[in-house]
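The following exercises invite the reader to examine a structure step by step. Each task is followed by a worked solution.

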Amino acid sequence: MRAEAGPVLVLLEGPSDVAALGAVLGRCAPRVPRTAYRLVDMGGVTNTAAHLRAARADRPSWPVLGLCDEAESWVVARALQQQGVEAGDGADLAQHGFFVCRRDLEEELIRALGVEGCLLLLERAGLGHRFRSFSRQRVWADRPVRERLHRFAGVASGRKILLARQMAAALPAESVPPPLAALARSLQELAGERTRS
């Protein structure tokens, strides 16, 4: 289906998702011009329906992609259903342009980068000493390192954005988490179609 001229909208839960995806697209879809898409910070996944309504009202044929967490995929499925899309129970969201992180984006990035890679990144970012102090807290001391990394990355909003961007940028193209890689491929395909139309 031919789309009207305009950027592909990519609906994202928050600013850390925008930061991470921006870094991934620079690596995985370098030939897609920045003007071909718009990364939208929705201010929370519960705003998906409102953003979809606004997008459809503005330009009904504009393509829309998105990213969400597995536990909240039903929110996106319901928002799509409200737009007349048969999205089922959320398991088939990728068919409709929305890609699902297993737990959340941070967990996907930590798994892809690996514990050692994450620890090295924290040292380079000047946060290694803070992570070690955090890890000595009684409530976290006996938790697996991956859990500590996940909590540490998400405990402060500025840090969450910084680390999401840096973790995504540190990944080789072949190690980008599947939902992010799939979103980048879809965006590349859509941008190519719109260039040819």
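## Exercise 1: The nonpolar cores

The largest nonpolar core has 45 residues, and those with the most contacts inside it are Leu21, Leu25, Leu67, Leu109, Leu163, Met167 and Leu180. Here a nonpolar core is a set of buried Ala, Val, Leu, Ile, Met, Phe, Trp, Tyr and Cys residues joined through side-chain atoms within 4.5 Å. The model is a predicted one, in which local features need pLDDT of at least 70, side-chain atom pairs count only at pLDDT 80 or more, and totals for chains, interfaces and linings use all residues. Residues are numbered from 1 along each chain as its sequence is written, and side-chain values use heavy atoms, with hydrogens and water left out.

Task: state which helix gives the most to this core, and which residues leucine 67 is in contact with.

Solution.
- Step 1. Helix 9 (residues 178–196) gives the most to this core, with 8 residues. Helices (H or I, at least four residues) and strands (E, at least two) are DSSP runs, numbered from the N terminus.
- Step 2. Leaving aside its neighbours within four places in sequence, leucine 67 is in contact (heavy atoms within 4.5 Å) with Leu11, Leu12, Asp17, Phe98, Phe99, Cys101, Leu105, Pro179, Leu180 and Leu183.
- Step 3. Another core, of 19 residues, lies apart from the largest one; Leu9, Leu11, Ala49 and Ala87 are among its residues.
- Step 4. As general background, nonpolar side chains tend to be buried together in soluble globular proteins.

## Exercise 2: The buried side of helix 2

Task: identify the buried residues of helix 2, and state what covers them.

Solution.
- Step 1. In helix 2 (residues 48–58), the buried residues are Thr48, Ala49, Leu52 and Ala55. Buried means under 20% relative accessible area, exposed over 50%, and partly exposed in between (1.4 Å probe, protein chains only).
- Step 2. These residues cover an arc of only 130° around the axis, so they are on the same side of helix 2. The arc is that of the directions from the helix axis to the C-beta atoms.
- Step 3. Their cover includes strand 1 (8–12), strand 3 (64–69), helix 3 (73–82) and strand 4 (98–101).

## Exercise 3: Two buried charged residues

Task: for aspartate 17, find the nearest side chain of opposite charge; then do the same for arginine 159.

Solution.
- Step 1. Aspartate 17 is placed in helix 1 (residues 15–28). Although buried, aspartate 17 has no salt bridge, and the nearest side chain of opposite charge, lysine 160, is 6.0 Å away. A salt bridge is a side-chain nitrogen of Lys or Arg within 4 Å of a carboxyl oxygen of Asp or Glu. Lys and Arg count as positive and Asp and Glu as negative, while His and the chain ends are not counted.
- Step 2. Not counting residues up to four places away in sequence, aspartate 17 touches Leu12, Leu67 and Leu105.
- Step 3. The side chain of serine 16 makes a polar contact with that of aspartate 17 (3.5 Å). A polar contact is a pair of N or O atoms within 3.5 Å; within protein, one must be able to donate a hydrogen and the other to accept it, and residues adjacent in sequence count only if both atoms are side-chain atoms. Serine 16 counts as buried because its relative accessibility is 4%.
- Step 4. Arginine 159 is located in helix 8 (residues 157–170). This arginine is also buried without a salt bridge, the nearest side chain of opposite charge being glutamate 106, 12 Å away.
- Step 5. A polar atom of the side chain of arginine 159 lies 3.1 Å from the backbone oxygen of phenylalanine 152.

## Exercise 4: The salt bridges

Task: state how many salt bridges the structure holds, and describe those of arginine 111.

Solution.
- Step 1. There are 4 salt bridges in the structure.
- Step 2. Arginine 111 forms one with glutamate 107, with the closest N and O atoms 2.4 Å apart. Both residues lie in helix 4 (residues 105–113), 4 residues apart, about one turn of the helix.
- Step 3. Arginine 111 also forms a salt bridge with glutamate 108, the closest N and O atoms being 3.0 Å apart. About one helical turn separates this pair, because the two are 3 residues apart in helix 4.
- Step 4. Arginine 111 is partly exposed, at a relative accessible area of 25%, whereas glutamate 108 is buried, at 4%.
- Step 5. Arginine 132 and glutamate 123 meet through their side chains in a salt bridge (2.4 Å, N to O).
- Step 6. Salt bridges that share partners join Glu107, Glu108 and Arg111 into one network.
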